[in-house]
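Trainee: Could you take me through one part of this model closely? I would like to look at the places where the ligands sit.

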Amino acid sequence: MAGPRARVKMPEQPPEVRARNFQEVPLGLTEELAIAEAEKCLQCKNPLCVTGCPVGVKIPEFIKLIKEEKFAEAARKIKETNALPSVCGRVCPQEVQCEAKCILGIKFEPIAVGYLERFCADYERDSGSTEIPKPASPTGKKIAIIGSGPSGLTVAGDLVKLGHEVEIFEALHQPGGVLTYGIPEFRLPKRIVQSEVENLLKLGVKLSLDSVIGKIRTVDELMDEDGFHAVFIGVGAGLPSFMKIPGENLNNIYSSNEYLTRTNLMKAYLFPTYATPVERGKNVVVVGGGNVAMDSVRTALRLGAEKAMIVYRRAMEQLPARKEEVHHAQQEGVEFHLLNNPVRYIGDESGCVKAVECIKMELGEPDSSGRRRPVPIEGSEFTMECDMVIISIGTGPNPIIFSSSPDIKLNKWGYVEVNPDTMETSKRNVYAGGDIVTGSATVIQAMGAGRIAAKAIHERLMEG
Ligand code: FAD
Ligand code: SF4
């Protein structure tokens, strides 16, 4: 769409350049572009955009501040309900949340809420105007947070401001959860996550890295021996799933979890400056259609793949990845082999994958998710040559904590059961939220759960 109501275009690195580097793809709005976009907002009396935001960001209010060129104030307005706007402005699926509800979208294009959110959060950080609030007087209560992903960081921020003593235990050597080990640098630069974590540390949050709870301490030990009055479990759902088909153990077949962790967290893309290597395939097949698959295939391109291919069993309109990421992948030259499903992997004499045998699929009746079920077409098997495969078909819960805490009730899939009003588990004063409760979801949902848990923990501990 062109004309005065057209949505602002995000400046980006050109596809042929960015497909070979790890720098961020969207470059961010200039002040002029941000103000021009903010001026289009109708400042609705009943802003539907807010109803589409899982944490109720005061969207018209922050946009009005941008229009008035009060950029740092706009960032502070967002932070009243969303602690990580520079992250959410980059990775939230706004197109199905706030922007999907924007009234302008009925006749024209919705306001670019995500771009504006990112703009003012970046402005606040880069101009050095981030304010670190003064925490309330000490309450004498100690809370342990297990996992430093978006749910854990949100709980930590909310509780430390209320005067509680907060310690985060993180299994990895870097904080941030998926924001650090999963989502690649070209979508979410790590300096941004780092700066959010540093702000929490300035508020007084303690961070213990390389600390796998369930191994070094149990939940009971944290509470009974270490004096924590409450525990929040935000350990995500990072255990990779496999299809369990023949040949899956061949060399050069990775889970996306291992592939992205090596590349992002261990900085394999900078090997040998960093010690961790990763295979650099020339013909790379990524199995799956979600954000994780898009991140993996675009990473493979940047690591030198000549052909980077998505193999997905459903059709284009059913790809679960964000539209923007699919569009970016297409622009960068990723091939989409849709309505295909792997049935076995074929190896060479040295045990490395050399091809994947797939079967063609067609769409049948809708399944329990409401999407039409992909059905194999008998006799349609064919092979695709490849020298590397990345499996990106989902993840599940890691049982490490729960095997040493059998009194925390899990559902039949191994996720934690909680009271949705408080996020308290079946064990008193132990709370949980994020992907370990819902299964793989979104950053903002994990943050929303963290916010509910923090409020409930505070109320419980202040009961007397
Ligand atoms: P996580 O972010 O998973 O963090 C959990 C943390 O707990 C990890 O750091 C882990 O090391 C730590 N941990 C685990 N076990 C222990 C233990 N026993 N002791 C101590 N620490 C432990 N969402 C979006 O909204 N937009 C996107 O574009 C998007 N892209 C994604 C791309 C990828 C590659 C992936 C994997 C996910 C993506 N998601 C996206 C989903 C989103 O990142 C998750 O929903 C969100 O990070 C979940 O947050 P969390 O706090 O529950 O846990
Ligand atoms: Fe502005 Fe759209 Fe929200 Fe109305 S619905 S306040 S136009 S962003």
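Mentor: Here is a walk through the surroundings of each ligand, with two backbone details at the end. Keep in mind that this is a predicted model.

Start with ligand 1. Where does it lie with respect to the domains? Domain 2 covers 142–238 + 397–461, and domain 3 covers 241–394. Both give residues to the shell around ligand 1, so the ligand lies between them.

Now look at the shell itself. There are 33 residues around ligand 1. Val91, Ser151, Glu170, Arg187 and Asp435 come nearest. By class, 17 residues of this shell are nonpolar, twelve are polar and four are charged.

Which helices each supply at least two residues of the shell? They are helix H10 (150–161), helix H15 (291–302) and helix H19 (443–461). H15 gives the largest share, with three residues.

Next, find the backbone contacts. Val178 has a backbone N or O atom 3.0 Å from an oxygen atom of ligand 1. For Pro150, a polar backbone atom is 3.4 Å from an oxygen atom of the ligand. Thr442 also places a backbone N or O atom 3.4 Å from an oxygen atom of ligand 1. How much of the ligand does the protein cover? On its own, ligand 1 has 1000 Å² of accessible area, and the protein covers 92% of that.

Move on to ligand 2. Ligand 2 sits in the largest cavity. Around it are Cys41, Leu42, Cys44, Cys49, Pro60, Cys102, Ile103 and Ile111. How do these residues divide by class? Eight are nonpolar, with no polar and no charged residues in the shell.

Finish with the backbone. Most residues other than glycine have a negative phi, and most peptide bonds are trans. Two places here are worth finding with that in mind. Lys244 is not a glycine, yet its phi is positive, at about 55°. Look for Lys244 in the loop between strand S5 (239–240) and strand S6 (253–255). The other place is the peptide bond from Phe271 to Pro272. That bond is cis, with omega near 10°. Pro272 belongs to the loop between helix H14 (256–265) and strand S7 (283–287).

Notes
Residues are numbered from 1 along each chain as its sequence is written. Chains are lettered from A and ligands numbered from 1 in the order in which they are written. This is a predicted model: local features need pLDDT of at least 70, side-chain atom pairs count only at pLDDT 80 or more; totals for chains, interfaces and linings use all residues. Side-chain values use heavy atoms; hydrogens and water are left out. A residue is near a molecule or strand if one of its heavy atoms lies within 4 Å of it. On a 1 Å grid over the protein atoms alone, a cavity is a set of points where a 1.4 Å probe fits but cannot get out, and a pocket is an open set with protein on both sides within 12 Å along at least five of seven lines; lining residues have an atom within 4 Å of a point. A molecule sits in a cavity or pocket if more than half of its atoms lie within 2 Å of its grid points. Ala, Val, Leu, Ile, Met, Phe, Trp, Tyr, Cys and Pro count as nonpolar, Asp, Glu, Lys and Arg as charged, and the others, Gly among them, as polar. A polar contact is a pair of N or O atoms within 3.5 Å; within protein, one must be able to donate a hydrogen and the other to accept it, and residues adjacent in sequence count only if both atoms are side-chain atoms. Accessible areas come from the Shrake-Rupley method with a 1.4 Å probe; for residues, only the protein chains shown count as cover. Helices (H or I, at least four residues) and strands (E, at least two) are DSSP runs, numbered from the N terminus. Domain bounds come from an automatic or database domain assignment.
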